[in-house]
Amino acid sequence: MSVKVRSFAKINLGLRIGAKRADGFHELLTVYQTIGLHDVIRVSVERGSGVEIRCEDPRVPKDESNTCHQIVRKAMAMLRAKGKVVIEVEKRLPVQGGLGGASSNAVAAMLALERALKKSLPPAADRLEIAADVGSDLPLFLIGGTVLGVGRGEQVYPLQDLPAFHCVIVTPEVGVSTPKAFAEWDRRSGTDPCGADTPVRARSDRRSGPTQVSKLTLDSASDRMVELGRGLSAWLSGTFLGQAYSGAPRRGRAENLLLALVRTGIQNDFEQVVFPEYPELREVKRALLRAGAKYASLSGSGSTLYGLFASRAEAVRGAKRLTEQGWTAQATALLTRPQYSRRIFGR
Ligand code: C5P
């Protein structure tokens with residue numbers, strides 16, 4: 001008998017790339033947010049041994065490089081379980097899309113495996129460790145909702161859930177390689193490959209990127225992390241306390257909270273290396289804003305972009321407008337932590 005689970009996507013609400021570390025990873029600061037779009041994973045345990053991945057999408061690897069494969073092998077060893085694990089992946093999320101599809105699939109496969117075997121992995125810390133071992137943005141999917149990500153993105157802290165803002169997700173055809181995007185960031189910023197916290201940009205223009213390497217005094221990567229940290233905490237605390245931007249009294253609460261986000265200048269650093277390479281993605285961001293998004297951004301290293309809207313009706317209208325312009329666009333909503341954990345195994 002197979003166990004079916006939903007494997008939800010995430011978006012990044014701001015992402016700052018910090019210094020390159022000695023282990024080759026970059027320090028990151030981001031807020032992950034789970035959303036309603038998902039893949040479906042089915043896991044069964046049969047007689048035999050090994051792991052088999054089935055997926056109709058040819059872009060999904062079926063060998064050990066698949067994150068589901070890696071996590072299930074680790075989990076089987078920790079559970080001291082025997083059998084052949086068959087994982088079916090019904091792919092609806094984009095591959096290499098910046099929505100964390102592969103990472104989410106892996107966590108979903110691990111949760112489904114536990115159910116299929118009727119066995120539980122050791123307490124939370126160990127599951128987080130197994131997940132982090134497989135990839136930087138797996139652990140967030142063990143928490144769901146609004147999640148702060150630090151370290152290389154694998155250190156996760158549940159934040160108070162944001163209101164269930166509505167959003168439009170646009171999935172362009174191109175796939176962006178995350179390692180290549182990081183490498184391009186290093187190339188443009190002149191980051192010391194040995195991990196030194198090398199300055200990258202002008203203090204005179206705090207929102208500019210490594211493309212504007214500078215003439216004046218330069219920010220260090222850690223300054224830039226602090227800057228985003230301040231912006232995020234100002235926005236999040238305003239959001240939670242209901243004290244966000246109040247300059248437009250006739251607007252609804254959701255709209256005010258989103259305008260407050262815009263005012264913080266929270267950004268995704270990957271836009272600075274991905275947009276020059278794929279100019280059509282910058283166009284999508286502009287199209288989202290023209291279609292009424294209060295805030296629009298690349299998710300992770302892309303190629304998915306999202307826009308946050310003040311209401312479901314506006315998101316649906318926005319998605320329709322983008323679809324008419326030839327983009328693949330879907331309206332959905334942010335998933336809070338309780339919704340996320342309910343819906344993973346729910347109908
Ligand atoms: O952790 P994950 O397997 O998702 O990372 C894929 C690649 O992305 C890493 O091998 C590394 O090149 C790059 N990466 C990074 N810094 C991070 C996360 C990922 O440089 N914080």
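In this predicted model, the backbone of Arg-152 reaches toward the ligand, with an N or O atom lying 2.9 Å from a ligand nitrogen. Two side chains add polar contacts of their own: a polar atom of Ser-136 is found 2.5 Å from an oxygen atom of the ligand, and a polar side-chain atom of His-26 is placed 2.7 Å from a ligand oxygen. Taken alone, the ligand exposes 450 Å², of which the protein buries 72%.

The ligand sits in the largest pocket. Two elements each give two or more residues to the surrounding shell, namely β2 (26-46) and α4 (178-189). Gly-24, Phe-25, His-26 and Leu-28 are among the residues around the ligand, and the shell also includes Gly-135, Ser-136, Arg-152, Pro-179 and Phe-182. By residue class, the shell divides into four nonpolar residues, four polar ones and one charged.

Attention can now turn to another serine, Ser-303. This residue belongs to the loop that links β10 (295-298) with β11 (305-309). Is Ser-303 buried or exposed? Its relative accessible area is 2%, so Ser-303 counts as buried, the cut-off being under 20%. The side chain of Ser-303 also has a polar partner: one of its polar atoms lies 2.5 Å from the backbone oxygen of Val-174.

Notes: Residues numbered from 1 in each chain as written. Predicted model: local features only at pLDDT ≥ 70, side-chain atom pairs only at ≥ 80, totals over all residues. Heavy atoms only, no water. Near = heavy atom within 4 Å. Polar contact = N/O pair within 3.5 Å; in protein donor to acceptor, adjacent residues only side chain to side chain. Areas by Shrake-Rupley, 256 points an atom, 1.4 Å probe, with all protein chains shown as cover. 1 Å grid on protein atoms, 1.4 Å probe; cavity = no way out; pocket = protein on both sides within 12 Å on 5 of 7 lines; lining within 4 Å. Sits in = over half its atoms within 2 Å of the grid points. Helix = DSSP H or I, 4+ residues; strand = E, 2+ residues; numbered from the N terminus. Nonpolar A, V, L, I, M, F, W, Y, C, P; charged D, E, K, R; others polar. Buried < 20%, exposed > 50% of the residue type's maximum accessible area, 1.4 Å probe, protein only.
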